[in-house]
Amino acid sequence: MAEPAIRRLLAGDDASAFRCGDPEHDLFLQRYAGQNQERLFVGTTYAALDGPRVVGYATVAVGQIDRDDVPGQARGGLPRYPLPVLRLARLAIDEAFQGRGLGRRLAAYAFAVALQVRVAAGCTGVVVDAPPDRVGFYADLGFVELELVSGHSPIRPRPVAMFLPLASVEAALP
Amino acid sequence: MTHVTQISAQVSASAKRLLDEYSAVSGIKKSRIVEDALWFYVRARQELPESAIVPARLVVSERGAAALERSLAQPPPTPALVRLMRTLESPDAE
């Protein structure tokens, strides 16, 4: 069986049968991913396709990290300006394709998109909204947990925000 | 207009300037612009649930900032990241 191809979600892609085990992720793909991308420009979804059928997806959006400035506290070594990042907000795989490494391929694809954004517009790293049961996977990749004051993902159960600098991704390239 | 009431709100100087300028150019009363804007906003948010929008701004705590600072010190990639990036497929140029 050929590996699903990954590319940007297009209007004709068939997501109607997508079932990942979390109805909220299914609904997002079927109803909102397209309009977020084509009408609102607030996020882009990359789809893994088995023929015309979407069997996995990753949604990314640009963002920035600011520090909660508390008067009287040192800023440490962080710059004063916001840090531009690419946020990997959603990653879901159809139940029939789970356990085949497709999630890893989509994650790597999202990192490659971040490298492109870095060149095109500036980007310091990737923030992933990791489901609680996937924190270990991202920690193995070098992601560190970020304690947020605001900007939490609205997804429930609440994911863990984790950061990986793009310099590490670039250093890992073959 | 029936059942009118008054509201007040602290807004940014730029939002106030936008309201003033739009009212002056269009001739529409500021109260009408605010009323219409609220209705549009609420309708738009009802069409698009909270969970469909990713907040663009993340604010980290002191502890989060320290973790970020350590991460930005560019530790070498982990073996798992090196293995993952070997599978990389280049995004299509669009």
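Reader: How many helices and strands are there in chain A?

Author: Chain A has four helices and eight strands. These are DSSP runs (H or I over at least four residues for a helix, E over at least two for a strand), numbered from the N terminus. Reading along the sequence, you get β-α-β-β-β-α-β-α-β-β-β-α.

Reader: What makes chain A as compact as a globular protein of its length?

Author: Its radius of gyration is 17 Å, and the globule rule gives 16 Å for 174 residues; those values are close, so the label fits. The radius is taken over C-alpha atoms, and the rule is 2.2 Å times the number of residues to the power 0.38. Along the principal axes, the C-alpha atoms of chain A fill a box of roughly 55 × 35 × 30 Å.

Reader: Before I trust any of that, where does the model come from?

Author: It's a predicted model: local features need pLDDT of at least 70, side-chain atom pairs count only at pLDDT 80 or more, and totals for chains, interfaces and linings use all residues. Residues are numbered from 1 along each chain as its sequence is written, while chains are lettered from A and ligands numbered from 1 in the order in which they are written.

Reader: Why is A:Asp66 called buried, exposed or partly exposed?

Author: Count the other C-beta atoms, placed from the backbone, within 10 Å of its own: 20 or more means buried, 12 or fewer exposed, and in between partly exposed. A:Asp66 has 18 such neighbours, so it counts as partly exposed. The residue sits in strand β3 of chain A. Skipping neighbours within four places in sequence, A:Asp66 is in contact (C-beta atoms within 7 Å) with A:Pro82, B:Arg57 and B:Val59.

Reader: How do you know that β3 of chain A pairs with β1 of chain B?

Author: Pairing takes at least two DSSP bridges between the strands. Here there are four, joining β3(A) (residues 53-67) to β1(B) (residues 57-60), and the two strands run parallel. Among the partners, A:Ile65 goes with B:Leu58 and A:Arg67 with B:Val60.

Reader: And what about β7 of chain A and β1(B)?

Author: β7(A) (residues 148-150) has two bridges to β1(B), which meets the minimum of two. This pair runs antiparallel, with A:Leu148 opposite B:Val60.

Reader: What makes something a nonpolar core, and which residues have the most contacts inside the largest one?

Author: A core is a set of buried Ala, Val, Leu, Ile, Met, Phe, Trp, Tyr and Cys residues joined through C-beta atoms within 7 Å. The largest holds 62 residues, and A:Tyr57, A:Leu106, A:Ala110 and A:Met162 have the most contacts inside it. Helix α2(A) (residues 102-120) is the top contributor, giving nine residues. Not counting residues up to four places away, A:Leu106 touches several residues, including A:Ile6, A:Tyr46 and A:Leu91.

Reader: How do you know on which side of α3(B) its buried residues lie?

Author: In α3(B) (residues 62-72), B:Gly64, B:Ala65, B:Leu68 and B:Ser71 are buried. They cover an arc of only 120 degrees around the axis, so they lie on the same side of α3(B); the arc uses directions from the helix axis to the C-beta atoms. B:Arg63 and B:Arg70 are exposed on the other side. The cover over the buried residues of α3(B) includes β3, β6, β7 and β8 of chain A together with β1 of chain B.

Reader: How many residues does the contact take from each chain?

Author: It takes 56 from chain A and 42 from chain B. On chain A's side, α2(A) gives the most, with eight residues.

Technical notes: Two residues are in contact if their C-beta atoms, placed from the backbone, lie within 7 Å.
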